[in-house]
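Hi everyone, thanks for making time. I'd like to walk you through one model, starting with its aromatic rings and ending with some surface charge.

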Amino acid sequence: MWKSVHVVSPRIWSIDLQKAWNTWGCRLCSQTPSNTQPSHHPRTQAEKAKRRRAREKAILSSDVNDVGRSWSDKEKITYNAALLPGEKKDTTLPFPQSYSPEYVEFGWYQWWEKQGFFSPEQHSKQPHSVDKYFSLCIPPPNVTGTLHLGHALTVAIEDALARWRRMQGYKVLWVPGCDHAGIATQSVVERKLLREHGKCRQDYSREEFLKQVWRWKNEKGDEIYHQLRKLGASLDWSRACFTMDPGFSSAVTEAFVRLCDSGLIYRSEGLVNWSCALESAISDIEVDSKELSGRTLLSVPGYQQKVEFGIMVTFAYPLEGEEREVAVSTTRPETMLGDVAIAVHPDDPRYKDLHGKHCRHPFTERLLPIVTDSMVDMTFGTGAVKLTPAHDHTDFLLSQRHSLPHLTVIGGDGTMTSVCGQWLEGVKRFDARERVITALMERNLFRGKKDHSMSLPICSRSGDVIEPLLKKQWFVRCQEMGKKAVQAVEEGDLQITPHFYSKMWKSWLSNISDWCISRQLWWGHQIPAYRVTLQNSKDTEEEQWVWGRSAAEARHRAAVKFGVNPDAVTLTQDPDVLDTWFSSGLFPFAMLGWPEQTEDLNQFYPNSILETGSDLIFFWVARMAMLGRELTGQLPFKQVLFHSLVRDKYGRKMSKSLGNVIDPLDVISGISLERLQEKVREGNLDPRESVVAMEAQKKDFPKGIPECGTDALRFALCSYKAQGEDISLSVSHVLSCRHFCNKMWQAVRFTLATLHDASLPTSLAETYPLSSMDRWICSRLYSTVQQCEQGFESFELHTVTSALHSFWLHSLCDVYLESIKPVLKCEGSDSEEQRVRERQVATSVLYHSVSVSLALLSPFMPFLTEEMWQRLVPYGDSDRTSTSLCVQPYPKTSQLEHWYFPKEEADFSLVQEVVRVARLLRAQCQMTKERPDMWAVCGPDQAETLLHFRSAICTLGRISALHLHCPEGGFADSPPPEASAVGVVDHSICLHLSVQNGINADKQRALLSQRREKLASKLKQALARTYVPNYTEKVPDKVRKETENKITALEKELKNIEDQLLALEEIRKDI
């Protein structure tokens, strides 16, 4: 269900579908006079084809270089202790040397589920609970499918929000669900029966076939739930909802009856998208547009030979009573048997004298009136348009304006009808195409054909070419409900994030079409409407319909409506089923028990938020908003959060038809290249797409996909800015997140070793940092908590993951752990008592920094954080052996106010730069083992800062002593030695590194000059990339930003080298 869908209507059709039909049917109508549709500027077919070819070329070329492709197998560590399902892991076992996803993820989810941590009933047991609720539903995926990385993004975001709110003490309900996917499921089962038993659906009764579907569903339908559990989704499985469950089916029936009673559902004849192979109307979600640049031969179900498309045929209609003709063009000449008129623009001078005249149809002898309409584009083609109202959306509208008849010439099975005459009756439509062209040639009415670029609508389920057919169907009136949905956003009752989607919401809903909800299937919710036949009734032509929650209710309604005895009523239920999207549109409240006033409905409705992909804005989200408000009197959710689409590294949308879909379980557990290519071959792709897909796999995953683990995948997905540009996901980025997991693992190993050799840490409230580095890391943690609070509240999850990644990697691991190693060894202070106290404080600060930051990470990395947190629990200040991190309070800045030291944070950037330059000088002088003295010549304020962090600078910079030379500031350390390596910090601090054997200034200058030349070359290359024509238009924003950052960094380093060379020159002059 996680895919876009369009509305099909007898009145107004969607822009995208209109574009496809207009191109396919060679419509010669201008859209500019009409103001009924929102502005839309789609790329031309040529542009799309060009972009597609460019992407294919990039894939097939040999210059693809992804540095992230290189990886080596990591040692797999498994949890080998005996563990029954649902039992808690033994975290007293030895802590493994390195991070292994398989070891970490084993057992936790089953324990969480058995303990009921994901149930809202857990709320009352939590001491930090608050009187607030947070509810949401997962966009129900199709029961036939499996999740891909786009679905994994949805799960990662929603689970992060659910876990965050749960840790905040909210009463959280996140409901899992699965969509019955009417057409997809029926197609899968039909293929299975044909393959295994050689039978088609029609060989079974409806009841027998539905038993086969249910059997398949019960055997295969739980794959998605397995994937969701593997992804760590904290769903309440006791409330899992399938759209064909009895309770949900009752809700669907109730909704249909109520909407019929209120006049919002009606039965009418209108054009629908029809799949002749399936013999069913389908929604636009099942329609793919195949771009053709010209003549193309395509395979079509039911035809042994390929069928020609991408050709525009021109033929003439003789003008009645005159020796003249009117030429028209079409890509579908077989439909000319259903032509009822010819339309021209009223201002077209070529046809001024033909207004009101008639042409004679050469095969049926019908007279075709020539009508005028401003919709006709007189600059396109011949300027005259053949009108076939029963087989074209535009023509259908024109027929209503000009009171034209509707002639159906193609039947539901794809063969020509009796209206065409005996010579075509029963002939398949594309075979009839050739016969029509031949007949036109015989009558000397054929005027030629030529290549024509077009967009061909294809049924995604069967591969059939879609046929628009005129059918009597059930429709939902959407205009008034659409206005209310627009009003809800304008008045602030419904918030849409990102905000720019609000404009799209208004534009589309203000011009919404009625919605065809009939589907000619067996699997699904059979429409609870009944055709009425009355005893002794002479009128058998006009249809009479009633509806009801049951056949008995429908019979009673019919008796009342027609004033007869119930026994005189014969009911025949409509064999069609409802569009799957109709039931999906009820999900936010039907999952809670509606129409019954259940406790869940009273507690958790409206849902707090709906989070989903931006491609579902109209076709699921808008319908939920409309149906929810109409049926419950309330909007189904208070806020909508849209995330972007996930694309592959080449910018292509992940699609089964392209073979670039990646199963999240393959990223979690790893997969070989051979197995990846097997999956492509199993996908029955177009041969060219198959070649491109497998070549992309060879280049991107020459050794397959490494085992990355669930936590790394989730963290990587949430690290992208989801509310903005589409996400180009790279597996190498996920792999880097796995490396980050190992970095945290090693930090916790270090922490556990430290705690093992020390007394228990003091409580968080009683821990007050002592040293400058303690104060700095405490303040960094406070700021990180603050960033997490702000990021979660604004749903900017990428800012949360960025803050946490920066804290763990660049503050805790790379700086603080290294700086306190001497303290933990009781080095430094002269007093033994002081050394012990410093060690105790540092140990407590380390413990709380790690445990608090694990809690911050828990919504994103639930398995890893649980594993590590459980091992830290015994060192805490309370007995929490029976609890889980996922139900602990989420850290708040109010807990850490005594840890906020903004001056230390601000000053430390200078300290880090001094350490960086000190290390650089040591490297330039090839001093890998020595720990020389260093002098800093600086101003008073800088000297104060460096003095404050002197111990850390010595430890991190690997120097034995830091001398501060600032006479005006009262720092009277001896001046730096004349022979020393010189570096510059912040253009104002001069660092002098002492070398025992003296410094060769000429050698340092040479090294610096060599480095300068290398950097200058890199800078020139980077700048050259920005000078290409149309750089800002051609290059994606992300790539431009990376290039700009690289240029800035190179310029900064070059400036630093220039400063060092100047300092060396000054020293040379002084000497």
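Here is what I'd like to show you, beginning with how the values were obtained. This is a predicted model, so local features need pLDDT of at least 70 and side-chain atom pairs count only at pLDDT 80 or more, while totals for chains, interfaces and linings use all residues. Residues are numbered from 1 along each chain as its sequence is written, and side-chain values use heavy atoms, with hydrogens and water left out.

Aromatics, then. Rings of Phe, Tyr and Trp (its six-membered ring) pair if their centres lie within 6.5 Å; planes under 30 degrees apart are stacked, over 60 edge-to-face, and the rest tilted. Searching the whole structure gives 40 aromatic pairs. One of them is W515 with F582, a tilted pair at 6.0 Å centre to centre and 45 degrees between the planes. W515 sits in strand 20 (residues 515–516) and F582 in helix 15 (residues 580–584), so this pair ties together parts 67 residues apart in sequence. Helices (H or I, at least four residues) and strands (E, at least two) are DSSP runs, numbered from the N terminus. Both W515 and F582 are buried, meaning under 20% relative accessible area, with exposed being over 50% and partly exposed in between (1.4 Å probe, protein chains only).

Now F618 and F619: their ring centres are 5.6 Å apart with planes at 80 degrees, so that pair is edge-to-face. F618 and F619 are both buried too.

Finally, the charge: K1014 is found in helix 32, and K1014 is partly exposed, with a relative accessible area of 48%. Happy to take questions!
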